[in-house]
Amino acid sequence: ALWAWLRGSGLRDVSRLQVLDISWFTDSMREGRPVTVETSHCIPVREPVVSLSVGGHFPDVLEELAENSEFNESKGPCLAFRRAASVLKSLPSAVHCLGAIQGLPCLGEHTKAVMEEILIFGRSFKVEEVQSDERYQALKLFTSVFGVGPKTAEKWYRRGLRSLKEILAEPNIQLNRMQRAGFLYYRDISKAVSKTEAKALRSIIEETAHWIAPDSILALTGGFRRGKEYGHDVDFLLTMPEMGKEEGLLLRVIDRLRDQGILLYCEHQGSTVDMSKLPSRRFEAMDHFEKCFLILRLEEGQMERDEGLQKDPGESRGWRAVRVDLVAPPVDRYAFALLGWTGSRQFERDLRRFARKERGMCLDNHALYDKTKKLFLPATSEEDIFAHLGLEYVEPWQRNA
Ligand code: DCT
Ligand code: MG
């Protein structure tokens, strides 16, 4: 039955596959689930002519290795795996054979070794070792809670805690307000946000901002501006066309969202922008604009017609919680903030590196500074910033890698 299914599955050269384990197949058949073939189930007998679906998963695998390096505070390998994942994401098609890796930039020795293992054997022992590591599993789980960073996760792990249940049951653990919200809405906010949900939130926030200030400007940023279908949160920039008029606007928007009963959580940070301290020499972990990290309640009724919330079958609560970031730069910093908050993180990192190394300029979310001429370069649009850097404009959808 398995061979018959494999032959009908559209995979090329089925005869070259050696099946290692068929429990995945028999289990799916018994439970009436659709059958999906994974590389760990089969290995190619000779040269890897058959690619299965692994090619599309290389960036995910490398992201996992990057995350593991991050947990081990190995900055170099972490960056190397992230950069390699970005290169693979930018390829027009997935890598299916060893030849396709040759000549690709930014693939280090470790990355190549892992990819070769997967392409030849259909699995990587290094990746499996990481995935089954108890510490990696615990840190990944703990940092999936909103408000929990690697340091806190490590502290909990060292106390012998391994599950979210154990953390909640531990009387000596004091969760902060953000972490309490993270646990309270854990299921909702660990579920991907869809483009439709992001659009619905955009309408709600835009309506709220316009009710307060009709000429306020709201822009969708982050992954959704880059055209992604799903994200872990929704990011927005909010500003006013006249300098200084943005002051106080964000707090009024927050109050209004609270009055509407849709504000589930809010952490507001005031602006700490100090132009005299710019440009910052180090890569900014976070910019200094006024901002808020929110959890909003999105009602099913607020979605476009025919579009439901992303929900588990059988779950009909009628609303979900969504993580939203709202950043309020003054209008003269808007283009820099838009470029910075559009991401991706890797794109921003590389753009800043290019500015520094190739142009002798400092770029961050606030400004572009020419170190040779010792002056700040003004910009009212992203196009202006690319032009200052002597680069062709790169559309947001081309910044995903
Ligand atoms: N950013 C930044 N400074 C930070 C955090 C983020 O400049 N401290 C930028 C880089 C990406 C962008 O803001 C949005 O951040 P995320 O929401 O984390 O990334 P995303 O690309 O929107 O990914 P996702 O789709 O998962 O939300
Ligand atoms: Mg985002």
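Which residues of α7 are buried? The tour returns to this after a view of the whole chain. The model is predicted.

**The whole protein**

Display the entire protein as a cartoon. Its secondary structure amounts to 17 helices and twelve strands. Of the 401 residues in the protein, 31% are buried. Among the contacts with a separation of 6 or more, 65% are between residues 24 or more positions apart.

**Helix α7 and its partner α8**

Select residues 134-143, which form helix α7. Its buried residues are A138, L139 and F142. Because these residues span an arc of only 95° around the axis, they lie on the same side of α7. The cover over the buried residues of α7 includes α3, residues 58-71, and α8.

Add residues 150-158, helix α8, to the selection. Two packed helices are described by the angle between their axes and the distance between the axes. For α7 and α8 the angle is about 130° and the axes are 9 Å apart. With that angle, α7 is oblique to α8. The crossing of α7 past α8 is right-handed.

Show the side chains at this contact. On α7, select R135, A138, L139, F142 and T143; on α8, select P150, A153, E154, W156 and Y157. Sorted by class, this contact of α7 with α8 contains seven nonpolar residues, one polar residue and two charged residues.

**Helices α3 and α4**

Move next to α3, which is part of the cover over the buried residues of α7, and bring in helix α4 at residues 75-89. The axes of α3 and α4 come within 8 Å and cross at roughly 165°. The two helices are therefore roughly antiparallel to each other, since angles over 145 degrees count as such. Their crossing is left-handed.

To see the contact, select F58, P59, L62, E63, L65, A66, S69 and E70 in α3, together with P77, C78, F81, R82, A84, A85, L88 and K89 in α4. The contact of α3 with α4 comprises eleven nonpolar, one polar and four charged residues.

**R320 in strand β9**

Select R320, which belongs to strand β9, residues 319-328. Is R320 buried or exposed? R320 has 21 other C-beta atoms within 10 Å, and the threshold for a buried residue is 20 or more, so R320 is buried. Now add D188 and draw a distance between the two C-alpha atoms: R320 and D188 are separated by 6.1 Å, although they are 132 residues apart along the chain.

**Backbone stops**

Three places in the backbone complete the tour. Begin at the peptide bond between G343 and S344, which is cis, with omega about -5°. S344 is situated in the loop between α15, residues 334-342, and α16, residues 345-359.

Continue to C106, in the loop between α4 and α5, the latter being residues 109-121. C106 is not a glycine, yet its phi is positive, at about 65°. With 15 other C-beta atoms within 10 Å, C106 is partly exposed.

Finish at K374, located in the loop between β11, residues 368-370, and β12, residues 375-376. K374 is likewise not a glycine and has a positive phi, of about 55°. What is the exposure class of K374? K374 counts as exposed because it has 7 C-beta neighbours inside 10 Å, and 12 or fewer is the limit for that class.

Conventions. Residues numbered from 1 in each chain as written. Chains lettered and ligands numbered in written order. Predicted model: local features only at pLDDT ≥ 70, side-chain atom pairs only at ≥ 80, totals over all residues. Axes fitted to C-alpha atoms, helices over the stretch in contact; angles between N-to-C directions. Helix = DSSP H or I, 4+ residues; strand = E, 2+ residues; numbered from the N terminus. Parallel < 35°, antiparallel > 145°, perpendicular 65-115°, else oblique. Left-handed = near helix turned anticlockwise from the far one by under 90°. Contact = placed C-beta atoms within 7 Å. Nonpolar A, V, L, I, M, F, W, Y, C, P; charged D, E, K, R; others polar. Arc of directions from axis to C-beta.
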